[in-house]
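User: I'd like to practise reading side-chain contacts. Could you walk me through a few?

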Amino acid sequence: MKRIISVLMENAPGALSRIIGVFSQRGYNVDSLCVAPTADASLSRLTIITHGDDKIIEQITKQVNKLIDVLKVVDLTEGTHIERELMLVKVATRTESMRAEVKRNTDIFRARIVDVNASNYTIEITGTTEKLDAFSGTLSQCAEIIESSRTGVCGLARGERALRP
């Protein structure tokens, strides 16, 4: 089961390495990471996507919570939450019909074309992982995907719940 773990941590050298070390030492895979400073420059928020049952996730959160750099750990998938990911994708658009089809799919998925040249488009799209996967699959049927880059999932709990020290 996909899990979204959010960690509030000190914005210090080596902090990220120690947290990810907990995963690698125990043989757990990290599907994606997203980390950035918070409004308080001394703190960072780390969002980790991994897979595991309740027992494994409980063990991970307890181990991560023991680290000196960590202030708080929350499993966002335990409650209602909002998650988003960003993808940039460059597609070949060699013919006018390819350009039209890529533009049509871009509009359907509410993406944006952010760069255009004679032979390709670069497209920006945000949404859930499933939406980005569907968009990528649709594009690959009408144009050649030259390259793509994804940020990894960022997430927040809905309502009053917040990750604060």
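Analyst: Sure, and keep in mind that this is a predicted model. Let's begin with burial: a residue counts as buried when its relative accessible area is under 20%, and as exposed when it is over 50%. Asp69 has 11% relative accessibility, so it counts as buried.

User: Which residue forms a salt bridge with Asp69?

Analyst: That's Arg18, with the closest N and O atoms 2.4 Å apart. The pair links distant parts of the chain, since Asp69 sits in the loop between H2 and strand E4 and Arg18 in helix H1, 51 residues apart. Arg18 is partly exposed, at 38%.

User: How many salt bridges does the structure hold?

Analyst: There are 12. One of them joins Arg3 and Asp54, at 3.0 Å between the closest N and O atoms. Arg3 lies in strand E1 and Asp54 in helix H2, so this pair ties together parts 51 residues apart in sequence. Arg3 is buried at 4%, whereas Asp54 is exposed at 55%.

User: What about a salt bridge inside one helix?

Analyst: Try Glu101 and Arg104, whose side chains meet at 2.8 Å, N to O. Both lie in helix H3, three residues apart, or about one turn of the helix. Glu101 is partly exposed at 27%, and so is Arg104 at 43%.

User: How many aromatic pairs are there?

Analyst: Just one. Phe109 and Phe135 pair edge-to-face, 5.1 Å centre to centre with 65° between the planes; planes over 60 degrees apart earn that label. Phe109 is buried at 16%, and Phe135 is buried at 0%.

Conventions:
Residues are numbered from 1 along each chain as its sequence is written. This is a predicted model: local features need pLDDT of at least 70, side-chain atom pairs count only at pLDDT 80 or more; totals for chains, interfaces and linings use all residues. Side-chain values use heavy atoms; hydrogens and water are left out. Rings of Phe, Tyr and Trp (its six-membered ring) pair if their centres lie within 6.5 Å; planes under 30 degrees apart count as stacked, over 60 as edge-to-face and the rest as tilted. Buried means under 20% relative accessible area, exposed over 50%, partly exposed in between (1.4 Å probe, protein chains only). A salt bridge is a side-chain nitrogen of Lys or Arg within 4 Å of a carboxyl oxygen of Asp or Glu. Helices (H or I, at least four residues) and strands (E, at least two) are DSSP runs, numbered from the N terminus.
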